[in-house]
Each structure stands twice: as C-alpha cells, then as structure tokens.
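Work through the exercises below with the sequence and the model at hand. Each task is followed by a stepwise solution.

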Amino acid sequence: MHKDDIADLIDTKHSELITWLEKQPDDSWTQGPEGKWTTGQQVLHLLQGIVPLNNALSMPKFLLRLKFGKVNRPVRAYEAIVKRYQERLSDAKGKTYKASQNMKVPKLADKQYLLNRLQTEEKKLQYKTRRISDKNLDTVVLPHPLMGKMPVRELIMWTAHHVEHHTEILKSSYSNLSD
C-alpha cells in the first residue's frame, strides 16, 4: 500500500472512531459492558499504541536499525496483516498487552483531553507516514507486543486496523447494551 493511502486510511479510521465517540453518552466513558473495557479505557489503549510509534518514528532510523535490526522478509499487504493479527489475537486467548493490564478508568473530565490527544497523535502519524522514505518504511523494523518485529509500513497499516478493530468492539458492545 502506498504511504499516502496508508496516511489516508489512518485518517479515515480515526475520524470514524472520533465521530462515533463524540455521539456517545457520557456514562459510557466510565462504564463498559460487564468484564470489558470502558470507552475511556479503549481510547487509552489506542494511545498506548500510537504514542510509542510516533516517538520511534521521530528517532534517527540508524538507531532503530541498530536496536531492532532490519527486515528479513517482504512487506505484507494490509489484508495479510489483518489476518495475521486476528490469528494472533485468537492464539492469545484474551491475554492483554502488559501495559494495558489493570488499566485505570479515565475520568469523564479527561475525555476531551484524551480525544484531542488521540487526534493529535493521529495527525502526527499521518504526517510522519507521508514524510518517511519508502526505503525506511520497508526496511526499518519495530517490535509489536503481539505480532513481533514488523516493518514500519506494516506497523502503520496495523495501527489503522487496530483503530477499526476497537471501533467495531465499541459499536458492538454498546449496541448489545441497548438491545
């Protein structure tokens, strides 16, 4: 997938999520379906994914290569990344990434700040995606807690899917509550 298409996908997936979130009642921010994350926790989780990615993309690429190595396989297509992620999620059997375990429930007073922060980070990622060279997108790898080391291009595509994945979780969780 071309980097401009990836940046557009990041924008589309985040816009859909933010639009949906802004229409939700305030109590959904701090209360979720039984045994599931609240809306606020879902947003925090998405920030836990995008902030480190943006931070890594701000580093000199030679340092990333030194720390994580270089790609050893061809870059996968978006659909293949989504399929692999779904397989890995299934294999994980509900286990959660360490930083997302025992996540605090953000206060309603923090809702607008966190939504603004997610939008800011998303815009940064779009900008960085458009600016990074195709060579670095395809040869620099970064670690993913569930998927292992991935080329940056794949990790950015995965980020778009991750937002879509959590948007669908939220939509289905809250539509089930209203049924």
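**Exercise 1.** Place Leu53 in the secondary structure and decide whether Leu53 is buried or exposed.

Step 1. Leu53 lies in helix α3; helices (H or I, at least four residues) and strands (E, at least two) are DSSP runs, numbered from the N terminus. The model is predicted: local features need pLDDT of at least 70, side-chain atom pairs count only at pLDDT 80 or more, and totals for chains, interfaces and linings use all residues. Residues are numbered from 1 along each chain as its sequence is written, and side-chain values use heavy atoms, without hydrogens and water.

Step 2. The relative accessible area of Leu53 is 5%, so Leu53 is buried (under 20% relative accessible area; exposed is over 50%, partly exposed in between; 1.4 Å probe, protein chains only).

**Exercise 2.** Which residues does Leu53 contact, leaving aside neighbours within four places in sequence?

Step 1. Contact means heavy atoms within 4.5 Å.

Step 2. With those neighbours left aside, the contacts of Leu53 are Leu125, Leu142, Leu155, Ile156 and Thr159.

Step 3. For Leu53 and Val152, 99 residues apart along the chain, the C-alpha separation is 8.9 Å.

**Exercise 3.** Find the bridge partner of Leu142 in β2.

Step 1. β1 and β2 (residues 148–151) run antiparallel and are joined by four bridges; strands pair if DSSP finds at least two bridges between them.

Step 2. A hairpin of three residues links β1 to β2.

Step 3. Met150 is the bridge partner of Leu142. Met150 is also among the contacts of Leu142, which include Leu64 and Phe68.
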